[in-house]
Structure formats: C-alpha cells, structure tokens
Amino acid sequence: MSEMESPASRRHRGLLLLADAQPGIAYTVSGIYERDRRLLEFLEARGIRPAAKLRILERNYDQTLTLSTSSGNVSLGRAAAERVWLSPTR
C-alpha cells in the first residue's frame, strides 16, 4: 500500500482503520501506516502484520481493543489501532 494514498482513498476502496472496526467481524490487515520501527515490532509480536487475519473480540471502556490474532488474544491501544488499515475478510 502506498504511504502517499490518502485516508479518503483507502476508505473509498473499502478499507477501515482497526480503531473503527466492529467486534465479531473477521478482518485482514491491508497495511500499516507507520515508520516507527518500535511500533512495527510491537504489532508484529502481536500477530498484526500485512495479510494477517484478526478478529475484534471486545471494544473496552478504556479505548483498548481485545483482538484474536495468530499470536492469541492481545490488547491494543487506540494510538496503535489508528495506524492499522483493514479490509473485511471475504
């Protein structure tokens, strides 16, 4: 995914941010819009990488998400969730 692509263009293609995803739906990670190596490593360790499948289990009161990934159940804060683009898994 091009980092030059605008958020509006991504949404037009049917993508959404992990921060906006709904519980109970299966998603595929389309891309991660981030250059910070530490955040990319943090996400990778939790099974969040391009082409990975995930499901939102719970949207928590403290704005964290509980996700099911290939690494098991993980929690993710809103700041990180706003960097991950998803497409619904077909």
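Is Glu82 buried, exposed or partly exposed? In this predicted model, Glu82 comes out as partly exposed, with a relative accessible area of 36%. Its side chain meets that of Arg78 in a salt bridge, at 3.0 Å from N to O. Arg78 is itself partly exposed, at a relative accessible area of 33%.

Arg78 has a second partner to deal with. Asp20 also forms a salt bridge with Arg78, and here the closest N and O atoms sit 4.0 Å apart. Asp20 lies in the loop between strand 1 (16-17) and strand 2 (26-32), while Arg78 belongs to helix 3 (residues 78-81), so this pair ties together parts that are 58 residues apart in sequence. Asp20 is partly exposed too, with a relative accessible area of 35%. Through shared partners, the salt bridges join Asp20, Arg78 and Glu82 into one network. As a bit of background, side chains of opposite charge can pair when their charged atoms come close.

The count of salt bridges comes to four, and another of them links Glu44 with Arg49, with the closest N and O atoms 2.8 Å apart. Both ends of this pair are partly exposed: Glu44 has 40% relative accessibility, and Arg49 has 27%.

Helix 2 (residues 37-45) is worth a look at either end. At its start, a side-chain oxygen of Asp36 reaches to within 3.0 Å of the backbone nitrogen of Arg38. After helix 2 comes Gly47, which has a positive phi, near 80 degrees.

Turning to the inside, the largest nonpolar core has 21 residues, and the members that touch the most others are Leu18 and Leu86. Quite a few elements chip in with two or more residues: strand 2, helix 2, strand 3 (53-59), strand 4 (65-69), strand 5 (72-76), helix 3 and strand 6 (84-88). Strand 2 gives the most to this core, namely three residues. For context, nonpolar side chains tend to be buried together in soluble globular proteins.

Leu86 deserves a closer reading. Setting aside neighbours within four places in sequence, Leu86 is in contact with Gly14, Leu15, Leu16, Leu18, Ala21, Tyr27, Thr28, Val29, Ser30 and Leu54. That list includes Leu18, the other residue that shares the top spot for touching core members.

Notes. Residues numbered from 1 in each chain as written. Predicted model: local features only at pLDDT ≥ 70, side-chain atom pairs only at ≥ 80, totals over all residues. Heavy atoms only, no water. Helix = DSSP H or I, 4+ residues; strand = E, 2+ residues; numbered from the N terminus. Buried < 20%, exposed > 50% of the residue type's maximum accessible area, 1.4 Å probe, protein only. Polar contact = N/O pair within 3.5 Å; in protein donor to acceptor, adjacent residues only side chain to side chain. Core = buried A, V, L, I, M, F, W, Y, C linked by side-chain atoms within 4.5 Å. Contact = heavy atoms within 4.5 Å.
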